[in-house]
Amino acid sequence: MNWYLKVLRNYASFGGRARRAEFWYFVLFHFLAILAFTAVDGLLGTGLDEDGLGLVTVLYLLAVAVPVIAVAIRRLHDTGRSGWWYLLILLPFIGPLVLLFFFAQDSEAGPNRFGPNPKQLEA
């Protein structure tokens, strides 16, 4: 949960690096929040349509859109890639798979052009 809150505190910080733990714990708690808000939508009857997301879930997704993009870009920085690689998300099927591969890779050892290695800073 601390990783999730750390990402939200760095709301629009696109600079620097995000280690794997920060990124994947954020993804986990983000997914759990979506499930919880979807349940709230079901209980409140605020679903926008039968198959789509509800009003509360949509408001949550809009509120965290910038932090989601920011942590993804910082994760790419940690692997030594530019944040522009995130535009691969726009390519159907293959783009998200390539990004998943990039996000799963280990940090680039030592400092890179995006800053010091966050693993070494916490050690």
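## A pocket, a core and two buried residues

In this predicted model, the lining of the largest pocket is made up, by class, of 14 nonpolar residues and 1 polar residue, with no charged residues. The pocket has a volume of about 250 Å³, and among the 15 residues that line it, F23, V27, V68, Y86 and F103 lie nearest its centre. Three helices, α2, α4 and α5, each supply at least two residues of this lining, and α2 gives the most, with 6 residues. As background to such a description, rolling a probe the size of a water molecule over the atoms shows where empty space is left.

From the pocket we can turn to the nonpolar core. The largest core of this kind has 17 residues, and those with the most contacts inside it are V71, L76, Y86, L99 and F103. Helices α1 (2-9), α2 (20-44), α4 (65-78) and α5 (94-104) each supply at least two of its residues, while the largest share, 4 residues, comes from α4. In soluble globular proteins, nonpolar side chains tend to be buried together.

Y86 is a useful residue to follow here, since Y86 is named among the residues nearest the centre of the largest pocket and also among those with the most contacts inside the largest core. Once residues up to four places away in sequence are set aside, Y86 touches I69, A72, I73, L76, L99 and F103.

Two further residues, T79 and E22, are worth visiting in turn. T79 lies in the loop between α4 and α5, and T79 counts as buried because its relative accessible area of 11% is under the 20% cut-off. The side chain of T79 reaches the backbone oxygen of L76 at 2.8 Å, and L76 is itself one of the residues with the most contacts inside the largest nonpolar core. Not counting residues up to four places away in sequence, T79 touches F102, Q105, D106 and E108.

E22, by contrast, is found in helix α2. Is E22 buried or exposed? With a relative accessibility of 2%, E22 counts as buried, because this value also falls under 20%. Leaving aside neighbours within four places in sequence, E22 is in contact with W3, K6, V7, R17, V71 and R74, and V71 is again among the residues with the most contacts inside the largest core. The C-alpha atoms of E22 and M1, which are 21 residues apart along the chain, are separated by 9.9 Å.

Technical notes:
Residues are numbered from 1 along each chain as its sequence is written. This is a predicted model: local features need pLDDT of at least 70, side-chain atom pairs count only at pLDDT 80 or more; totals for chains, interfaces and linings use all residues. Side-chain values use heavy atoms; hydrogens and water are left out. A nonpolar core is a set of buried Ala, Val, Leu, Ile, Met, Phe, Trp, Tyr and Cys residues joined through side-chain atoms within 4.5 Å. Buried means under 20% relative accessible area, exposed over 50%, partly exposed in between (1.4 Å probe, protein chains only). Contact means heavy atoms within 4.5 Å. On a 1 Å grid over the protein atoms alone, a cavity is a set of points where a 1.4 Å probe fits but cannot get out, and a pocket is an open set with protein on both sides within 12 Å along at least five of seven lines; lining residues have an atom within 4 Å of a point. Grid points are joined across faces, edges and corners, and a volume is the space filled by probe spheres set on the points. Ala, Val, Leu, Ile, Met, Phe, Trp, Tyr, Cys and Pro count as nonpolar, Asp, Glu, Lys and Arg as charged, and the others, Gly among them, as polar. A polar contact is a pair of N or O atoms within 3.5 Å; within protein, one must be able to donate a hydrogen and the other to accept it, and residues adjacent in sequence count only if both atoms are side-chain atoms.
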